[in-house]
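Student: I've got the model open and want to talk through the numbers. Can we go one step at a time?

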Amino acid sequence: MTSVLLDVSNISLSFGNNRVLHDINFAVLEHSIHAIIGPNGAGKTSLLNCISGFYRPQEGSITFGEHDLTKTPTTQIAPLGIARTFQNIALYTGLNTVDNLMAARHIHMKQNSIQSMLYWGRAKREEIENRRFVEEIIDFLEITEIRESIVGTLPYGLRKRIELGRALALEPTVLLLDEPMAGMNADEKEDMARFVLDIHERKGVTIVLIEHDMGVVMDISDQVVVLDFGRKIGEGTPDEVKNDPGVIRAYLGEAHRVSETVADG
Amino acid sequence: MNWILVPQQFMTGILNGGTLALIALGIVLIYKSSEVFNFAHGHMVMLGAFLVWFFAGGTSQEASGMPFALPFGVAVVAAITVAVLVGLAIERFTLRPMTGQPLLAIILVTLGLAQLLEGTTTLLFGTQPKGFPSPIDSSSVITIEVPPINGQSIVFLDRIILKQVLVVTFIVAIIAAVIFILFFRFTRAGLRMRATSENHELARSVGIKVPRVFGMSWAIAGIIATIGGILLAMVSGVSINLATVALVAFPAILLGGLESFGGAILGGLIVGLVAEMVKASTVIQVRNSAEIAPYVLILIVLIIRPEGLFGRKRIERV
Amino acid sequence: MASIKPAGEFNTAYEQDMRFLRNPRMIILAIIAIAVTYYLPNLSPGYLGPTLNLLAYTIIALQGLNILTGLCGQISLGQAAFMLVGAYASALLMIHINWPIWLTIPAAGLVAGGVGLIFGLPSLRVKGFYLTMATLAAQFIIPWLTRNIAPEYLGGTSGSIEVPVPVIFGVALNDPVKFFYLSFTVLIITTILTNNVTRTKLGRAFVSIRDNDLAAELLGVNLFSYKLRAFFIAAALAGVAGALKAHYQRGVGTEFGYGLGESIILLGMLVIGGLGTRLGPFFGAVTLILLEDVAIEMGARLAEIFPDQSAQLLTSFRPIFFGAVLILFLIFEPRGLAHRWNLIKAAWRLRPFAR
Amino acid sequence: MLKVNNIEVVYSDVILVLRGVTLEVGDGQIVSLLGANGAGKSTTLKAISGLLHSQQGEVTRGSIEFDGQRIDNLTPDDIVQLGIVQVLEGRPLFEHLTVEDNLRTGALFRGVSNAQLKQDLDEVYHFFPRLLEFRNRTSGYLSGGEQQMVVIGRALMAKPKLMLLDEPSLGLAPLLVQNIFRIIEQINAESGVSMLIVEQNANVALQTATYGYVMENGRVVLDGSAEALANNADIKEFYLGIGAGGERKSYRDVKHYKRRKRWLG
């Protein structure tokens, strides 16, 4: 019996008069891959922003363990074990790959600023230990060749992967991925899907995923939530969602059928 | 507080604020079109004042040995022409090559320009403060008698004395400000500037000649700065110090919000007001603090209400 | 920092990879360089003595500014004002409670750092240019306070006091050569401290705020707390630099050069040297101070040729020269000399394959 | 109408991004340009529209002709003047301007009378009735799909002969993608504007276009009629994500060794 890890209940979010999320409810089970899909402007990213503490919903709660994330200070959320990636990659462009990942070890380092400046005792020990940890992630994601490249100079696909690595460096229990496959070709998507599955299977990380590519979503997720105009219009396993008439009408529509026809040859 | 002085200082403050508001407008204009915080604007103001002084042949006492002795109005036109050329040259030769550089580099270029303008002005016109050939006698005043209320004169007030020159500068500043706002809001050139200010590459992609827009902004800023310089000089004469006085426009625009003309005007008025109102204090240190009062004010505002009074909230996304 | 290591050199442990001086040869070279520098003012006490002292405290102030502006991305126009705070702090502690120099300098750092914190407070709510305005406010408010508050201590409206000569181990540091032992020692210490910032948690937190503050916050970096730390360190180093400057010049006050112009020049030096790089403060200070000497010399020559305009020429030359140098550098070498240096070094290491 | 002859593009004097790209767009044609990230598709568009210059890019060899005139050395505003308008990737708007002001910027360079402007606006509203409703809204607050409409509408205001569209589907929901492409077809049919569309979504791109080019590593590696490309086995595998057997393989089944092989090779 798997337990609920992240419980989103009755979330409503507005900006001024613009209501972005209406009364959203769903539960993410431990060790699952949970996809959020829906048309653009449906509020998917806003929902992710609520979970990661970037937005503060006016109503509702998001329970994670004994914490209500909507009331947890933004900087306290990552230390609880919640990491994320961004729709428009948000790396530290002036740092190299290693330092980008090391920067994510921030919350795991106990050195104070004076120790940092002296580079003595705990600071030195921690830097070396964490460096080892980070190098393992780099190896796992197969980006060793670009370890010392400044990330601002790297191509899009690699930056997406470094960003995944940075999220992993937090050692999260929940990983929030905002369109990890956007702008990739089928080949690159396969790689990314494999990494996501590896992270899920080998490290036991629970994954919440926003993605437009229905192929990816249907293949890898355990549960799917469908949003439209800020409301939840469907929920269930990929098969249930795929055949839900409401979902088809609002979102999947013809596009879904088109890809099937092409697939049939 | 020395209450007797309050109404007097209030009016003087507002009137001083008019000129500040106009100077602030020039900074906001450059910022809106090209996202450059022009720290050299104060020096453009100073240069404008010197140019008018120069073309008008100084005051009657200084006139001997000056190459020009144009009537005041002509001197203003000549000064504005030079200021426009300076503005265009600044854009063309320093800021255009900097396109695409980070914020800090651009701020520094304008700081470098400020130094360059200061040095050049000293070189050309000397270090001594000058009298300004103002068309208005700075000693003439307008006296407003405050009528007694209910047959009783108010305890601390019977009249307000306003320098005529201050009233004139205020009116000129406000008229100039209104013209520029209308221009920006309702003309196509204004739309070009507004579009360019948001996204240069995008503006280029829709066929806007972006360098021309920048040039135009700098030219207009040159005009505004010169007018501001004239107004300041009419009140306090011509000297290198005008640049520092004009720097107070920065707190003013932050107070009003960096992107709003209306805000810049209101900010200018408030800063002018605050700088005069402290003079009504009974504490000597506060009374002397006119030069820093705007900065203290802005510090408080930055802590309490940072987006200023009219600044737009950023549309922030991740 | 991306680095290309000399051919044939490989690191086998992370600890080794993270060292600055990677092998015994480099350590020996560093020791020799330091020893030579200590001796350097003796070669020409009249010129090198003052110049090297000026360089030492300028670089320290730049190292502070580099933390705040270069690493943390917060542009500061108030560095000179924080130097003034440190200068007064050290002078007053020595005059009134007789503290020795080795105590007054760190104390000056702490006091200036504390004042820096006050002007860093707006960073709770604002960023970018707005924060720069807070530092500009510092640049106006602090010198004003020194002229208008506690005149019996700070020197009143003229705003200056005499500062005693520091004494260490019974030796009065009363000439530039002796004083350099102090200023260079302090520079070595600040260099070690600031370089450590760049390779540890603290520095990465700063850079992550600079490069993407929203992401940094979501990754657990407390923006306000770290920005305040950057403000503190920057102001503290300015304070240390100011203390050295005050004791070196034996006087402190607004007329000793702590104005907006100085703050701008410091920022300019940093950009010319290379923002956010370890070598930037050194390159920037050395280049501009040497160039300025040349400029002053040229101004003096010109003044001899045109004696009528000599006053004008002398006062106008410095700003014209500095403005022009700054603009030209920003246009033609916007990433600073440290970047150029790295390119040259990389080309050297890759020889003979480099073009 | 547009002829790109064997062009080479270099960024910052050193980085060669395009190495011999040749393509053609005929009058009234819709042509799509496919390829993975970093293949040089966007660079090709920017070379045509002249926007390369502002990014330190340069056409160092070959030529670009439009209606018989060399345009590879013209500035972007001259090229817009000739009737080529580019819709940039990521649907960038003048966020703080209203929808209508955004549209008006598109016609600024033409210097037309107010009456003509009004008529042109009405024409855009005809294609995008939704925008009429939102004409006075600040465009930054619109949803992704609506923003895409503004962007295309703005391009229409330039009365172009050729539109260059850079990834119109990026980040849009399937249903919206269909929608946008239908409007693109409609615009093409009704006003005869030629289109050169860069797309990752090969599926929808090949449905809309009559001809296609495929780019890899800065070269055109394949071209042909849309139909021929859609039936090409390589295209199917790499761009449409269909396995050799004609069936789409699941992302769950990607093998580790396959991925490793690719990255090492």
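Tutor: Sure. One term to pin down: buried means under 20% relative accessible area. Keep in mind that this is a predicted model.

Student: With that cut-off, what share of the 265 residues in chain A is buried?

Tutor: Count the residues of chain A that fall under 20% relative accessible area. Out of 265 residues, the buried ones make up 64%.

Student: And why is chain A called as compact as a globular protein of that length?

Tutor: Start with the elements: chain A holds 10 helices and 10 strands. For 265 residues the globule rule gives 18 Å, and chain A comes close to that, so it is as compact as a globular protein of that length, with a radius of gyration of 19 Å.

Student: How far apart are the centres of the positive and negative side chains in chain A?

Tutor: Chain A carries 26 positive side chains and 38 negative ones. Take the centre of each set, and the two lie apart by 6 Å.

Student: Over to the other chains: how much area is buried between chain C and chain B?

Tutor: On the contact side, 43 residues of chain C meet 51 residues of chain B. Carbon and sulfur atoms give 81% of the buried area. The total between chain C and chain B is about 4100 Å².

Student: Which residues of chain C lose the most area to chain B?

Tutor: Look at the chain C side of that buried area. Three residues together account for 18% of what that side buries. They are C:F129, C:Y130 and C:W144.

How values were computed
Residues are numbered from 1 along each chain as its sequence is written. Chains are lettered from A and ligands numbered from 1 in the order in which they are written. This is a predicted model: local features need pLDDT of at least 70, side-chain atom pairs count only at pLDDT 80 or more; totals for chains, interfaces and linings use all residues. Side-chain values use heavy atoms; hydrogens and water are left out. Helices (H or I, at least four residues) and strands (E, at least two) are DSSP runs, numbered from the N terminus. The radius of gyration is taken over C-alpha atoms; the globule rule is 2.2 Å times the number of residues to the power 0.38. Buried means under 20% relative accessible area, exposed over 50%, partly exposed in between (1.4 Å probe, protein chains only). Lys and Arg count as positive and Asp and Glu as negative; His and the chain ends are not counted. The place of a charge is taken as NZ of Lys, CZ of Arg, CG of Asp or CD of Glu. Contact means heavy atoms within 4.5 Å. Buried area is the accessible area (1.4 Å probe) that two parts lose on being put together, summed over both.
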